[in-house]
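Reader: Hi, I'm new to reading structures. Can we go through this one together?
Author: Sure, let's open it up.

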Amino acid sequence: MNLLLRLLATLIGARRRSPLGPLDESVMTLRVLPTDVDANLHMNNGRYLSIMDLGRFDLTVRNGLLRATLRRGWRPVVGSVVIRYRRSLDPLQRYELRTRAVCWDEKWIYLEQRFERGGEVAAIGLVKALFVGKSGSVPTRDVFATVGFMGDSPPMPESVELWRRSEAAMTG
């Protein structure tokens, strides 16, 4: 229930905040709630992934992608996530979640999501996502065109390229 309330608060908050462009960064200020904490008395590692959903939701609402894609019957889907934990987030501690698209290819959009506290990175994640419609995945050029963006992808960072190669080496 806690995450459902946060999702609703994110939707309301995103609609009141300034719009973003497709390459702009969403910054959300959040707090570690008691329900986010595990037996080690810091934010649970799985909770980071749930909070990352909120950051992507804020970004897509504010840059217009969510509304434009839902009108077409397209839905956002995460294909893969990798995250690195650097520092703990303690109960009731405030932190920022920074979400931005870093690059894309024909199918996937690659996002970076950073959890920061006091200017230091607590965790950083990379997310590979796409939009799907009735006939399968929607090309990224079509996704971005829904909000009038026809530009090319920024160069793919080495971290994303290495992650892509690592995924390609996985079997199963």
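Author: What follows is a chat about side-chain contacts and helix packing in this predicted model.

Reader: Let's start with the rings. How many aromatic pairs are there?
Author: The count comes to seven aromatic pairs. One of them is Y48 with Y85. That pair is edge-to-face. The ring centres are 5.0 Å apart, and the planes are at 70 degrees.

Reader: Where do Y48 and Y85 lie?
Author: Y48 lies in helix α2, residues 45–62. Y85 lies in strand β2, residues 75–85. The two are 37 residues apart in sequence, so the pair ties together separate parts of the chain.

Reader: Is Y48 buried or exposed?
Author: Y48 is buried, at a relative accessible area of 3%. Y85 is partly exposed, at 37%.

Reader: Which residues join Y48 and Y85 in a cluster?
Author: Y95 and F115 do. Ring pairs link these residues together.

Reader: What about F144 and F149? Why does that pair count as edge-to-face?
Author: Look at the angle. The planes of F144 and F149 are at 65 degrees, and edge-to-face means over 60, so the pair fits. Their ring centres are 5.7 Å apart. Both F144 and F149 are buried.

Reader: New topic. Which ring has the charged end of K128 over it?
Author: That's W108. The charged end of K128 sits 4.4 Å from the centre of the W108 ring. There is also R72, which lies over the face of W74. Here the distance to the ring centre is 5.9 Å.

Reader: Okay, salt bridges. How many does the structure hold?
Author: It holds 16 salt bridges. Take E25 and R98 as an example. Their side chains meet at 2.7 Å, N to O.

Reader: Where are E25 and R98 in the chain?
Author: E25 is in the loop between α1 (2–16) and β1 (26–31). R98 is in strand β3, residues 94–104. They are 73 residues apart, so this salt bridge links distant parts of the chain. E25 is partly exposed, at 29% relative accessibility.

Reader: What about D58 and R62? How far apart are they in helix α2?
Author: D58 and R62 are four residues apart, which means about one helical turn between them. They form a salt bridge at 3.2 Å, N to O.

Reader: And are D58 and R62 buried or exposed?
Author: Both are buried.

Reader: Which residue forms a salt bridge with E161?
Author: R164 does. The closest N and O atoms are 3.7 Å apart. Both residues lie in helix α5, residues 158–169. They are three residues apart, about one turn of the helix. E161 is partly exposed, at 28% relative accessible area. R164 is partly exposed too, at 29%.

Reader: Which residues do shared salt bridges join into one network?
Author: E25, E96, R98, R100, E112, R114 and E116. The salt bridges share partners, and that joins these residues up. We met E25 and R98 above as a salt-bridge pair.

Reader: Last topic, helix packing. At what angle do α1 and α2 pack?
Author: About 25 degrees, with their axes 9 Å apart.

Reader: Why are α1 and α2 called roughly parallel?
Author: Angles under 35 degrees count as roughly parallel. The angle here is about 25 degrees, so α1 and α2 qualify.

Reader: Is the crossing left-handed or right-handed?
Author: The crossing of α1 and α2 is right-handed.

Note on methods: Residues numbered from 1 in each chain as written. Predicted model: local features only at pLDDT ≥ 70, side-chain atom pairs only at ≥ 80, totals over all residues. Heavy atoms only, no water. Phe/Tyr/Trp six-rings, centres within 6.5 Å; stacked < 30°, edge-to-face > 60°. Buried < 20%, exposed > 50% of the residue type's maximum accessible area, 1.4 Å probe, protein only. Lys NZ or Arg CZ within 6 Å of the ring centre and 35° of its normal. Salt bridge = Lys/Arg side-chain N within 4 Å of Asp/Glu carboxyl O. Axes fitted to C-alpha atoms, helices over the stretch in contact; angles between N-to-C directions. Parallel < 35°, antiparallel > 145°, perpendicular 65-115°, else oblique. Left-handed = near helix turned anticlockwise from the far one by under 90°.
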